[in-house]
Amino acid sequence: MGEKDSETAPIWGKTRQRESNNNNNNVHPMDVESASQSGQRRSLNHSRSSYEERGRGVKEFRSWFAWLIPCFVVANVVVFAITMYVNNCPKKSGDCFADFLGRFSFQNTRENPLLGPSSLTLQTMGGLDVKKVVKGDEGWRLLSCNWLHGGVVHLLVNMLTLLFIGVRMEREFGFIRIGLLYLISGFGGSILSALFLRSNISVGASGAVFGLLGGMLSEIFINWTIYSNKVVTIITLVLIVAVNLGLGVLPGVDNFAHIGGFATGFLLGFVLLIRPHYGWINQRNAPGAKPHRYKMYQGILWTISLLLLVTGFIVGLISLFNNVDGNEHCSWCHYLSCVPTSKWSCNREPASCTTTQLGNQLSMTCLRNGKSASYILANPSDSESRINSLCVQLCR
């Protein structure tokens, strides 16, 4: 399912090509030196042919129709719509942005500048809340958080990136390998995020998207022999990743999910995206002895990556469910996700307020910054979400 006949080009760069000794396009049999022969080398007489053309008929070189990644995009959009329906800002908060959207209107931009739901709704829908994962036996949040987004801006950035990267990778490697790469990378990003961001609710597909970037990079290394411009390709890809991780040090961005997803995808790329080397493809139909399908360095990278991946997941999950705080073992690691400056603070403690309610009048004080304010509640009996929203705004 998903396979089609059309040929696709490699994701990055160009594959190695050999020039024809003739000027026509006729394909001639390739002569290979035999061990039983006297040592005279036969001349190679073949047309210009790419690595993929020579690999035609080998399972690693099928060309696929990309359907899974678009389905992932649709699923993320649908989940966001459901989240906004559950959020129901006009009823639960009253102070909304884009009121004309009715039930789908956004929380006030002071509370959520990304144009989305409240943090309480994200928690209810399955956002990554470490306390609920560890003490509430809700480990499923490590997966569900990857399908939630903090707002329209957050959703658009992730989905456009996913389409640009994921569709090309699925065409090249198929829906099974890319689907596994996406899902497992998102899970790895959630684990690292939970170990270091202990108080905030984390959501988003960024970890899974960064996993695809990591897989693209490792694919170049493990399939080293097929690329002709690999140095430029690696530098370009590393710069793209570095810029995105650099933006992750801004407040409100979960860079640990990015780093965890990228590291998981990088190791998975060695395991899932391995291909036969160039020499085997050229000689696979030739008589006599043939080289091994994979080079020794490919086998070494595959083995080391699989061991590191399994070990990392085991250690990470054991540490998480034993309520280990990664910041206690790495005093500087918090700078990987946010660097404080005079322009912003990296204080990520959840909003907490003391409240005093008399009739429909609410007095509130933020425990984080000491700010106080009074509010009039139109419906005091239905005020939990409204009070939470006001507390978040007051503590900003």
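## A hairpin and its glycine

In the hairpin of β7 and β8, 2 residues lie between the strands, and G359 takes a positive phi near 70°. Helices (H or I, at least four residues) and strands (E, at least two) are DSSP runs, numbered from the N terminus. This is a predicted model, in which local features need pLDDT of at least 70 and side-chain atom pairs count only at pLDDT 80 or more, while totals for chains, interfaces and linings use all residues. Residues are numbered from 1 along each chain as its sequence is written, and side-chain values use heavy atoms, with hydrogens and water left out.

## The sheet around it

The hairpin belongs to an open sheet of 3 strands, in the order β7-β8-β9, with antiparallel pairing. Two strands pair if DSSP finds at least two bridges between them. At the edges are β7 (353-358) and β9 (372-376), each pairing on one side only. Neighbouring strands are turned by 20° against each other on average, direction ignored; the axes are lines fitted to C-alpha atoms, and angles run from 0 to 180 degrees between N-to-C directions.

Now follow β8 (residues 361-366). This strand is joined to β7 by 6 bridges and to β9 by 5 bridges. T365 has a partner on either side: T354 is its bridge partner in β7, and S372 stands opposite T365 in β9.

Which β8 side chains are buried? L362, M364 and C366 point to one face and are buried, while Q361, S363 and T365 point to the other and are not. Here buried means under 20% relative accessible area, with exposed over 50% and partly exposed in between (1.4 Å probe, protein chains only). In a regular strand the side chains alternate between the two faces of the sheet.

## The nonpolar core

Next, the helices. The largest nonpolar core has 57 residues, and those with the most contacts inside it are L162, M169, I178, L181, L212, L213 and L320. Such a core is a set of buried Ala, Val, Leu, Ile, Met, Phe, Trp, Tyr and Cys residues joined through side-chain atoms within 4.5 Å. Elements giving two or more residues to this core include α7, α8 (175-196), α9 (206-222) and α13 (296-321).

Take L213 as an example: leaving aside neighbours within four places in sequence, L213 is in contact with I165, L237, V241 and F262. Contact means heavy atoms within 4.5 Å.

## Polar residues that are buried

N158 lies in helix α7 and is buried, with a relative accessible area of 6%. Not counting residues up to four places away in sequence, N158 touches H149, G204, A205, S206 and V209.

How many salt bridges are there? The count comes to 2, where a salt bridge is a side-chain nitrogen of Lys or Arg within 4 Å of a carboxyl oxygen of Asp or Glu. One joins R141 and E138 (2.5 Å, N to O), and R141 is buried, with a relative accessible area of 4%. In the other, the closest N and O atoms of R275 and E172 are 2.9 Å apart. R275 lies in the loop between α11 (255-272) and α12 (278-283) and E172 in helix α7 (residues 152-173), so the pair ties together parts that are 103 residues apart in sequence. Both R275 and E172 are buried.

## How confident is the model?

The predictor's confidence in each residue is its pLDDT, from 0 to 100. The protein chain has a mean pLDDT of 79, and 73% of its residues reach 70 or more. Over residues 5-9 pLDDT stays under 50, and the model has 11 contacts for them beyond four places in sequence. The pLDDT is also below 50 over residues 18-49, a stretch with 42 contacts in the model beyond near neighbours in sequence.
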